[in-house]
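Work through the following exercises with the model open beside you. Each task is followed by a solution that goes step by step.

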Amino acid sequence: MTNMEWSLVALAKQGDTHAFARLYEKYYTDLYRFALCLLKNPHTAEDAVSGAVLRAYEYLPRLKKNDSFKSWIFQITANECRNLLKRQFSLYLEDSSFQEPVTEETGYITPELEELLNLLSEEERLVVTLAVFTGYNSREIASLLHKKEGTIRSLKSRSLAKLRTHLEKEN
């Protein structure tokens, strides 16, 4: 994080809406791409990012380390995406007249994929999602999550191995 970003976070934490708007502009594209890869629907991705930004603004004074802003707002966005997916899936289950199959292309997550991803811890899901669905490399993920690149590579490898093992047991 640059000194300028650190300063913007500090100002935003004190209620400076212009500083927060500059942070939003800086991270919007990456947040949107991340949400779009998870949700597979441009409108839902926009909703997720909007909701995440509102939550981030509301809870920003609670952020302990200014350096953690980027990973913190990505985590909020991931949570917002997860909540939207759960809501969409619940609506799908409640609407018995809805005949469209549940696929990634429709913006819904399949029950099988949801079950599989639930085998992973929150951190594992985040790393796998950033790597597999958004195409971030280990260096970029490490920067986002404030972890070492080697830690990210091993976490990703262990997570994918865990998923493979589960799939092999089922087949």
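**Exercise 1.** At the start of helix 2, which side-chain oxygen reaches the backbone nitrogen of His18, and to within what distance?

Solution. This is a predicted model, in which local features need pLDDT of at least 70 and side-chain atom pairs count only at pLDDT 80 or more, while totals for chains, interfaces and linings use all residues. Residues are numbered from 1 along each chain as its sequence is written, and side-chain values use heavy atoms, with hydrogens and water left out. The oxygen belongs to Asp16, and it comes to within 2.9 Å of the His18 nitrogen.

**Exercise 2.** Describe the course of helix 2 (helices being DSSP runs of H or I with at least four residues, numbered from the N terminus).

Solution. Begin with the span: residues 17-39 make up 23 residues, yet the end C-alpha atoms are only 28 Å apart, short of the 33 Å that a straight helix would reach at 1.5 Å a residue. Next, locate the bend, the angle between axes fitted to the seven residues ending at a residue and the seven starting there; helix 2 bends by about 50 degrees at Tyr27. Tyr27 is also among the buried residues of helix 2, where buried means under 20% relative accessible area with a 1.4 Å probe, protein chains only. Finally, Lys40 follows the helix with a positive phi, near 60 degrees.

**Exercise 3.** How do helix 7 and helix 8 pack?

Solution. Helix 7 (residues 138-145) and helix 8 (residues 149-170) pack at an angle of about 110 degrees, with axes 8 Å apart. Helix 7 is therefore roughly perpendicular to helix 8, a term that covers angles of 65 to 115 degrees.

Technical notes. Helices (H or I, at least four residues) and strands (E, at least two) are DSSP runs, numbered from the N terminus. The expected span of a helix is 1.5 Å times one less than its number of residues. Buried means under 20% relative accessible area, exposed over 50%, partly exposed in between (1.4 Å probe, protein chains only). A polar contact is a pair of N or O atoms within 3.5 Å; within protein, one must be able to donate a hydrogen and the other to accept it, and residues adjacent in sequence count only if both atoms are side-chain atoms. Axes are lines fitted to C-alpha atoms, for helices over the stretch in contact, and angles run from 0 to 180 degrees between N-to-C directions. Angles under 35 degrees count as roughly parallel, over 145 as roughly antiparallel, 65 to 115 as roughly perpendicular and the rest as oblique.
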